[in-house]
Amino acid sequence: MTRWGILATGNIAARFAEDLRLVPDAELVAVGSRTRESAELFARRHDVPRAYASWAELAADPDVDAIYVATPHAAHHEAALACLAGGKAVLVEKPCTLDLPTTTELVETARARGLFLMEAMWMRTNPLILRVLELIRDGAIGEVTHVRADFGVAGPFPPEHRMRARTLGGGALLDLGVYPLSLAHLVLGVPQHVQAWAKLTPEAVDENTGMVLGWDSGAVATLSCGMVGATAITASITGTTGRIDLPELFFRPAHAVLHRAGAEPETIPADLTGGGYQYEAIEVQRCLAAGLTESPLVPHAATLEVMGLIDDIKARIGVSYA
């Protein structure tokens, strides 16, 4: 049995709590927040036995094995460090932190302490996404030549909203763009060429961003993210002999469509349950049971490489959280 704690009490914390009910041998035993009122309200809503009014109290609970960090982006670093200081395994929401240096610090701290750390990039643990990667590795579409993905939401968001608040790590890139970037990285690895452009808000965070990545193999990725219009939120992976299309919410697709040259399209069902967050919890528990300190599905190297790519793009579009 893995005994879980949740740090933070927002919407994503609530969704994780609900999906954790679907995970065998998982028990949600504690929640921590910066206020007792918020922690106790969350505990009542989700039947959590213990509520703490500080992160440190949650991290010190001897009956907690793993903690899911679900704070806004800007607090990921501090919160995850507090959990590691308490000797806990940590699943920290994506993006891991605001930049590569602080993400590197988390990874190095976890490794020095011999503790498990994983970024909650749930797309990388999704069974259908894993099946798509298997098809690509088996040559179903030949050599990959192009990845296209978009993630845009309609807004508008008021200046104080976390999506626009610079102090909270606002902007489309960190919140939404991490998905298209992670998909391209998952399929093709680290690009050798990067171009990006963005329109910024008055708060100096990006509200509409386009990215073009290139690989020395000749492959390219065309990616976008924004908070000024609801895009299709789809993706396609094209190869020399076929294509795989991922429908709306490509990071948690209901199905995939495989187009092989000269053949009828083949629909691959997802057969998923819940909201999809349970798969990252299952992966954490599998790794802990095996004595691993990082996940082979969401390895530290991948987290660091994507964060380095995000830093590159931030510099190109003029966004800084320093």
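Contact here means heavy atoms within 4.5 Å. That term is needed for two residues of this predicted model, H73 and P253, which are taken up together with the model's pockets.

H73 sits in the loop that runs between β4 (66-69) and α4 (76-85). Once neighbours within four places in sequence are set aside, H73 is in contact with K94, P95, L98, R162, L168, G169, L174 and D175. With D175 there is also a polar contact, in which the two side chains are joined at 3.1 Å. H73 has a relative accessible area of 7%. Buried means under 20% relative accessible area, so a residue at 7% is classed as buried.

Several of these partners appear again at the largest pocket. Rolling a probe the size of a water molecule over the atoms shows where empty space is left. The largest pocket has a volume of about 720 Å³, and its lining is made up of 28 residues. Those that lie nearest the centre of this pocket are I12, R15, K94, R162 and D175. Among them, K94, R162 and D175 are also contacts of H73. Two elements, α1 (11-20) and α7 (172-188), give two or more residues to the lining of the largest pocket. By residue class, this lining divides into 16 nonpolar, six polar and six charged residues.

The second largest pocket holds about 160 Å³ of space. Its lining consists of R124, L130, L133, I136, R137, L186, V187, P296 and L297. Here α6 (127-137) and α7 each supply at least two residues, and α6 gives the most, with four residues. The lining of the second largest pocket has seven nonpolar residues, two charged ones and no polar ones. Helix α7 thus has a part in both linings, as one of the elements named for the largest pocket and as one of those named for the second largest.

The remaining residue, P253, is found in the loop between β12 (242-246) and β13 (255-260). Is P253 buried or exposed? P253 has 0% relative accessibility and therefore counts as buried. Apart from neighbours within four places in sequence, P253 is in contact with N126, L128, I129, L246, P247, A270 and L272. Of these partners, L246 belongs to the range given for β12 (242-246), while L128 and I129 fall in the range of α6 (127-137). Another proline, P158, is 95 residues from P253 in sequence, and the two are 30 Å apart in space, C-alpha to C-alpha.

Terms used:
Residues numbered from 1 in each chain as written. Predicted model: local features only at pLDDT ≥ 70, side-chain atom pairs only at ≥ 80, totals over all residues. Heavy atoms only, no water. 1 Å grid on protein atoms, 1.4 Å probe; cavity = no way out; pocket = protein on both sides within 12 Å on 5 of 7 lines; lining within 4 Å. Points joined across faces, edges and corners; volume = space filled by probe spheres on them. Nonpolar A, V, L, I, M, F, W, Y, C, P; charged D, E, K, R; others polar. Buried < 20%, exposed > 50% of the residue type's maximum accessible area, 1.4 Å probe, protein only. Polar contact = N/O pair within 3.5 Å; in protein donor to acceptor, adjacent residues only side chain to side chain.
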